[in-house]
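Here is a short report for a first look at this structure. Keep the 3D view open as you read.

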Amino acid sequence: VVAIILIIAAIAIPNLLRSRIAANQASAVGSLRTMNTAEITYASTYNAGYSPDLPSLGPGTSTTPTASAAGLIDSVLAGGVKSGYTFTYTPGTVVGGRIDTYTFNANPVTPGTTGTNYYFTDHSGVIRQNSAAQATVTDSPLAG
């Protein structure tokens, strides 16, 4: 009986880990899509270009959204870590009081364990991936 349980565990555990990685990666892509939408909403709402930092997209303590707490993404995502991925936001240069470009990177917290792919997106809205290193604008776009 113990041998049978060990055999079943040896088969099931790797499949469970692969499923968790796939779920984390799908969550990271979904989060990048959400952040792209939030940036577009921020730019059209506050008429100052894109947000100056990631927390500005998150909720504040007030019920009324402001440019420094727009409430466009949840507090977990605004914190920069969600579902095994770290999200890094880099705003473009301020020109004439506006930020007209930005980039987001989503990197696994523990490569190979929480995720195997690295993701990148920018103001174009195209999400790109790299399986070996941090993704950049030169990497292949996601299919579909």
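Which residue stands opposite Tyr118 in strand 7? Asn130 does. The model behind this report is predicted.

## Overall make-up

The chain has 2 helices and 8 strands. Read from the N terminus, the elements run α-α-β-β-β-β-β-β-β-β. Both helices therefore precede the strands in this order, with helices and strands taken as DSSP runs numbered from the N terminus.

The C-alpha atoms fill a box of roughly 70 × 40 × 25 Å along the principal axes. The radius of gyration is 18 Å, whereas a compact globule of 144 residues would have one near 15 Å. Of the 144 residues, 35% count as buried. The accessible surface is about 7,900 Å². Carbon and sulfur atoms hold 62% of that surface. Look next at the contacts with a separation of 6 or more: residues 24 or more positions apart account for 42% of them.

## Helix 1 and the turn after it

Helix 1 covers residues 2-46. It has 45 residues. From its first C-alpha to its last, helix 1 reaches 63 Å. That is close to the 66 Å expected at 1.5 Å a residue.

Asn47 follows helix 1. Its place is in the loop between helix 1 and helix 2. Phi of Asn47 is positive, near 50°, and Asn47 is a residue other than glycine. Is Asn47 buried or exposed? Asn47 is exposed, because its relative accessible area is 61% and the cut-off for exposed is over 50%.

## The sheet

Six strands form an open sheet: it has 6 strands in the order 1-2-5-6-7-8, with antiparallel pairing. Strand 1 (81-82) and strand 8 are the edge strands. Each of them pairs on one side only. Strands of a sheet pair through backbone hydrogen bonds, either parallel or antiparallel.

Take strand 6 (residues 118-122) and strand 7 (residues 127-130). They run antiparallel and are joined by 4 bridges. Tyr118 and Asn130 stand opposite each other here. Phe120 has Arg128 of strand 7 as its bridge partner. The hairpin of these strands has 4 residues between them. In this hairpin, Gly125 takes a positive phi near 85°.

Strand 7 also pairs with strand 8 (residues 140-141). This pairing is antiparallel too, over 2 bridges. Gln129 has its bridge partner in strand 8, namely Ser140.

## Around strand 1

Val81 lies in strand 1. It touches Val76, Thr86 and Val109, leaving aside residues up to four places away in sequence. Val81 is partly exposed because its relative accessible area of 45% falls between the cut-offs of 20% and 50%. Val81 and Gly115 are 34 residues apart in sequence. Their C-alpha atoms are 13 Å apart in space.

Ser83 sits in the loop between strand 1 and strand 2. Its phi is near 50°, a positive value in a residue other than glycine. Is Ser83 buried or partly exposed? Ser83 is partly exposed, since its relative accessibility is 34% and buried would need under 20%.

## The nonpolar core

In soluble globular proteins, nonpolar side chains tend to be buried together. The largest nonpolar core in this model has 23 residues. Which of them touch the most other members? They are Leu32, Met35, Ile73, Phe87, Phe104 and Tyr119. Helix 1, helix 2 (75-78), strand 2 (85-91) and strand 5 (102-108) each supply at least two residues of this core. Helix 1 gives the largest share, 7 residues.

Ile73 is worth a look in the 3D view. What does Ile73 touch, not counting residues up to four places away in sequence? Its contacts are Thr34, Met35, Ala38, Leu54, Leu57, Gly58, Pro59 and Ala78. Met35 is among the core residues that touch the most other members, as is Ile73.

How values were computed: Residues are numbered from 1 along each chain as its sequence is written. This is a predicted model: local features need pLDDT of at least 70, side-chain atom pairs count only at pLDDT 80 or more; totals for chains, interfaces and linings use all residues. Side-chain values use heavy atoms; hydrogens and water are left out. Two strands pair if DSSP finds at least two bridges between them. A nonpolar core is a set of buried Ala, Val, Leu, Ile, Met, Phe, Trp, Tyr and Cys residues joined through side-chain atoms within 4.5 Å. Buried means under 20% relative accessible area, exposed over 50%, partly exposed in between (1.4 Å probe, protein chains only). Contact means heavy atoms within 4.5 Å. The radius of gyration is taken over C-alpha atoms; the globule rule is 2.2 Å times the number of residues to the power 0.38. Accessible areas come from the Shrake-Rupley method with a 1.4 Å probe; for residues, only the protein chains shown count as cover. The expected span of a helix is 1.5 Å times one less than its number of residues.
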